Amino acid sequence: MRYWFGGQPSDYVIAPGEQVLLSDESVGYQPLLVPGVTLWVYDYESGHRLTDLLDSMGNPVEDLRTSDYGLIPRFRGPDEVRRVLVGPAPEPNGEEEQSSPGRWVLTSTDWPVIVAQVENRVAVLEENPGGGEEGPEPVATAHPMIWSQPQVEARTSSHRYVNLESRQQTVTVVRAEASVVSGQVDVHLLTVDMVTGTATVGAAVSLTSEAPTNTISPDLAVSAGTGVTVGVEVAEGTEAEGLTVQVMIR
């Protein structure tokens with residue numbers, strides 16, 4: 001799974017600007033938001049450059065560029081990467097390149113959901129301590145999808161969660177949220193037969209300007225080997241953006 005980075009209130013490139021006298025013995029600098037900066041992304045552990053990135057529209061990119069106001073744009077990192085380093089691209093120096101002047105930690109914006117997963121898993125284990133010689137009955141939890149569309153449009157996600165466990169799982173919660181100016185957005189949770197590719201609507205939520213967030217508990221069974229994905233339908237004349245869909249499976 002690719003996780004989201006950037007686009008948050010704290011994700012700006014800032015440089016020191018005009019000097020300001022704070023007191024007789026103290027000097028400060030006005031902060032400047034720096035637009036048009038090319039940024040490279042690096043692996044947090046090894047420091048090696050990462051070029052397997054996707055922009056907010058899902059297009060492959062190798063580097064990033066700050067917006068007119070210095071904002072680091074939203075992007076997705078390589079599969080299962082949750083923490084990266086980001087810094088200005090090195091400036092050419094003849095045939096060689098100087099090392100990057102600085103790198104800063106950037107954590108996935110999905111991190112709160114990841115933490116919630118861990119807390120949920122711990123709660124399940126604490127509630128089911130089990131017993132006997134063979135220990136507790138296995139209880140699996142997963143968060144198969146955080147699926148989003150910056151600009152909402154009618155389509156089905158190509159990313160699927162597939163139940164690879166040797167038991168039936170259950171979709172316990174489906175949550176959808178978007179900024180809906182007008183019209184209606186319908187989000188369908190689809191179960192997919194991985195042999196035939198047939199998709200069936202198992203649950204649905206609708207979003208409007210009056211109800212931009214909707215959460216349901218469908219208690220939908222997902223048999224072993226079955227896939228789960230999300231489809232979106234948009235009513236004519238709908239204006240919406242920033243759709244996020246979360247699905248919990250246990």
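Which residues does Leu 64 touch, not counting residues up to four places away in sequence? In this predicted model, they are Val 37, Thr 38, Leu 39, Val 41, Leu 53, Ile 72, Pro 73 and Phe 75.

**Around Leu 64**

Leu 64 sits in strand β8, residues 64–65. Its relative accessibility is 5%, so the residue counts as buried, the limit being under 20%. Val 86 lies 22 residues from Leu 64 in sequence, and their C-alpha atoms are 9.5 Å apart in space. Leu 53, one of the residues that Leu 64 touches, also takes part in strand pairing: its bridge partner in β7 is Val 61.

**The four-strand sheet**

Leu 53 opens the way to a sheet. Strand β6 covers residues 53–55 and pairs with β7 in the antiparallel sense, over two bridges. The open sheet has four strands in the order β1-β9-β6-β7, with antiparallel pairing. β1 (4–5) and β7 (60–61) stand at the edges; each has a single partner strand, so one side of each is left without a neighbour in the sheet. Strands of a sheet pair through backbone hydrogen bonds, either parallel or antiparallel.

**Two nonpolar cores**

The largest nonpolar core has 25 residues. Those with the most contacts inside it are Val 171, Val 185, Val 187, Leu 189, Leu 243, Val 245 and Val 247. Seven strands, listed below, each supply at least two residues of this core.

| Strand | Residues |
|---|---|
| β14 | 142–151 |
| β17 | 169–182 |
| β18 | 185–193 |
| β19 | 199–207 |
| β21 | 220–222 |
| β22 | 226–234 |
| β23 | 239–249 |

Another core lies apart from this one. It has 14 residues, among them Leu 39, Leu 50, Leu 64 and Leu 106. Leu 64 thus belongs to this core of 14 residues, and Leu 39 is both a fellow member and one of the residues that Leu 64 touches.

Back in the largest core, take Val 245, one of the residues with the most contacts there. Leaving aside neighbours within four places in sequence, Val 245 is in contact with Met 145, Ile 146, Trp 147, Arg 175, Ala 176, Val 187 and Val 230. Val 187 is itself among the residues with the most contacts inside that core. In soluble globular proteins, nonpolar side chains tend to be buried together.

**The whole chain**

The secondary structure comes to one helix and 23 strands. Of the 250 residues, 35% count as buried. Among contacts between residues at least 6 apart in sequence, 69% join residues at least 24 apart. The accessible surface comes to about 14700 Å², and 49% of that belongs to carbon and sulfur atoms.

Methods
Residues are numbered from 1 along each chain as its sequence is written. This is a predicted model: local features need pLDDT of at least 70, side-chain atom pairs count only at pLDDT 80 or more; totals for chains, interfaces and linings use all residues. Side-chain values use heavy atoms; hydrogens and water are left out. Two strands pair if DSSP finds at least two bridges between them. A nonpolar core is a set of buried Ala, Val, Leu, Ile, Met, Phe, Trp, Tyr and Cys residues joined through side-chain atoms within 4.5 Å. Buried means under 20% relative accessible area, exposed over 50%, partly exposed in between (1.4 Å probe, protein chains only). Contact means heavy atoms within 4.5 Å. Accessible areas come from the Shrake-Rupley method with a 1.4 Å probe; for residues, only the protein chains shown count as cover.
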